[in-house]
Structure formats: C-alpha cells, structure tokens
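User: Hi! I am new to reading protein structures and would like a close look at a single part of this one. Could you walk me through it slowly?

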Amino acid sequence: MTRRETVDVGGVQISYLTAGDGGPLVLLLHGTYWSRVWQPVLDGIAAAGLRPVAVDFPGFGRSGGELTVEEASVPRLSAWLLRFLEAIGHKGPVVVAGHDIGGGVAQHLMLAGAVEVPRVAVVNGVMYDSWPVPGVARFRDPTVAAATTRDDILAARRVSVVKALGRPASEAEIAEYLEPWTDPRVARSWLALAGAADHRYTMEMLPALLQSRKPKLLVWGVDDPFQTVNFAERYAREIPETKLVRISSAGHIPMENDPKGVAGALAEFFAKQ
C-alpha cells in the first residue's frame, strides 16, 4: 500500500510516503536520516485505519529545496510543518511521531500550540541533552562544515546508517539509504541540520513538558548506540502521561528491526485519539 506522493509548499516540491486509503492523519518526522526510516511500518499503521504521512523536510530525501542553518533548527522545522499540513489540505488536530531529531520537532509542535497535537510519539528521538552526538556535533564548527565535501558526508552517513540499522544489511539496502546524499544540495541540507543541532531546544521544553498532560509514547530500540535508552527511561519517569515501549534487539532505527512491534505500538497509541 505504500506510495510516494508530492505536494507544492511555497513553490518547493515536497515528497512524502503514505499508505492506506484515508483515516486520521499520523504525521511522521525524520531527523538526520529521511522518510525511508518509516517505510517498514507504514502499511502496519495504515492497516489500523490510520493515514500515515512520512514527510521529507525541504532538502532531504526526495524533497526539493535546500535548508540553511537558520531554517534547520527544531523551532523552524516545527513552524514549517504548518505550511506542509496546509498544503496537503489537513485541517484540525494532528498526531505526530518523530524519529531522531524529528522527535524534538514533534515535541516542539505539540508544545507550540499553533496546531492542536493531542498525542505525540518519540521513536529513538532527541530529548534533554542527549544530542547532538559526536558524529553530528563536529559539523557544527563552521570551519569543519566549510571543508566538508559531498563524498565526506556520504562516507560519514555510511558509517551512521550501518550502525543505526542494528542488523546485517546488504550493499543494495545501504545504497538505498545513502542515495539522496549523492546530491550535493541534499548533502548541504544535512550539513545545515547538523549545524543547527543544539540541545538547548529540548532543554527549553522541559518546563512545559513537566506540566503537559497530553499522552506521550516513547518507542525505543534498546540497543541504540546514539540515543541511549537511559534518556527514554528518565523521560518516562519525569514527564507526565508518558509510556515507554522497549523494542528488544533493536538499534537506532527500530522500524528496521521489529516493524510489526513498532507499527503495533504506534497504531494502538494513535488509534485512541
């Protein structure tokens, strides 16, 4: 059922993956990867009567455009989503799940109040001061970023993808994940996201999160070497109305290790909206 569609957002062709024939919208956000991370779970979410939409941010994946450091921060990406939702004709509340830095964007969208987000899920996402990890943080140095070529990014992304998958992967599968970054424009957008990566955005959310009574779900690959499970366990202890679902024998992209388990947890959570 999974298919790729595009929509014009401010003159830029934005790509997204979706599945199913309708139902309540579930907005799925990527971080330092792209919409490909959600592909294994889209059909499972759609089978629950929901409409999953995994968007590629501008300059990422199959989307057009190019991000600057100013446009790639968590607050700016959160604000951009309002334009995307309008472009696809969505009105009213929306539930959101975010992976990696997309988890920070999902939380920000919930707290900002520009659109009603009654439920939010974070899948191996950023929180507290868990980010940026060293492999991303080094590109925050403008001198390092300026000296970084497309091939440098491809090499770094290869190491990250192989580690994040948390299982053996064929060369064809790795190449599929890496393919968007062969475009220098997309590589530059990734550098912009890395340059904007700053844990002050998630730390600044803490006072509002501690007061939030909206249901929150954490779905975590417990073997994640990047966003380690202890952050999720702390969040579940401290932030009200939070449930943690651990995905065993799974890494940073648990959708690839246990698609049925991740899709089931998300579908059950979002079906209650």
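Which residue just after H3 takes a positive phi, and of about how many degrees? Please also show me the surroundings, especially the sheet.

Analyst: Happy to help! Keep in mind that this is a predicted model.

The residue you are after is glycine 113, which comes just after H3 and has a positive phi of about 85 degrees. Let's look at the helix that leads up to this glycine. H3 covers residues 101-112, and at 1.5 Å a residue its 12 residues should span 16 Å; the C-alpha atoms at its ends are 17 Å apart, which agrees. Is this helix enclosed or not? Of its 12 residues, 9 are buried, so H3 is largely enclosed by the rest of the structure. Among the buried ones are three glycines, Gly102, Gly103 and Gly104, along with Ile101, Val105 and Leu109.

Now to the sheet. It is an open sheet of 8 strands with mixed pairing, and the order is S1-S2-S4-S3-S5-S6-S7-S8. At the edges are strand S1 (3-9) and strand S8 (242-247), each of which pairs on one side only. On average, neighbouring strands in this sheet are turned by 25 degrees against each other, direction ignored. A general point helps here: strands of a sheet pair through backbone hydrogen bonds, and the pairing can be parallel or antiparallel.

You can find both kinds around S4. With S2, S4 pairs in the antiparallel sense over 3 bridges, and one example to look for is tyrosine 16, whose bridge partner in S4 is valine 55. With S3, S4 pairs in the parallel sense over 5 bridges; here leucine 28 has alanine 54 as its bridge partner in S4. S4 is also mostly covered, with 4 of its 5 residues buried.

A helix belongs to this picture too. S3, H1 and S4 together make a right-handed β-α-β unit. Helix H1 (residues 39-46) lies across S2, S3 and S4, and runs at about 160 degrees to S4.

Next, zoom in on serine 15, which sits in strand S2. Its relative accessible area is 1%, and buried means under 20%, so serine 15 counts as buried. The side chain of serine 15 makes a polar contact of 2.6 Å with that of arginine 4. Beyond residues up to four places away in sequence, serine 15 touches several others, including Ala54, Val55 and Asp56 as well as Arg62 and Ser63.

Finally, move along to S7 and S8. Strand S7 (residues 216-221) is joined to S8 by 6 bridges, and the two run parallel. One pair to find is tryptophan 220 with its bridge partner in S8, arginine 246. Helix H12 (residues 259-270) lies across both of these strands, and also across S3, S5 and S6, running at about 180 degrees to S7.

In the loop between S7 and helix H10 (229-238) you will find valine 222. At 27% relative accessibility, this valine counts as partly exposed. Valine 222 is 25 residues from isoleucine 247 in sequence, yet their C-alpha atoms are 6.0 Å apart in space. Leaving aside neighbours within four places in sequence, valine 222 is in contact with Ile247 and also with Val229, Arg246, Ser248, Ser249 and Ala250.

Key. Residues numbered from 1 in each chain as written. Predicted model: local features only at pLDDT ≥ 70, side-chain atom pairs only at ≥ 80, totals over all residues. Heavy atoms only, no water. Pairing = 2+ DSSP bridges. Axes fitted to C-alpha atoms, helices over the stretch in contact; angles between N-to-C directions. Contact = heavy atoms within 4.5 Å. Expected span 1.5 Å × (residues − 1). Buried < 20%, exposed > 50% of the residue type's maximum accessible area, 1.4 Å probe, protein only. Polar contact = N/O pair within 3.5 Å; in protein donor to acceptor, adjacent residues only side chain to side chain. Right-handed = clockwise from strand over helix to strand, strands pointing away.
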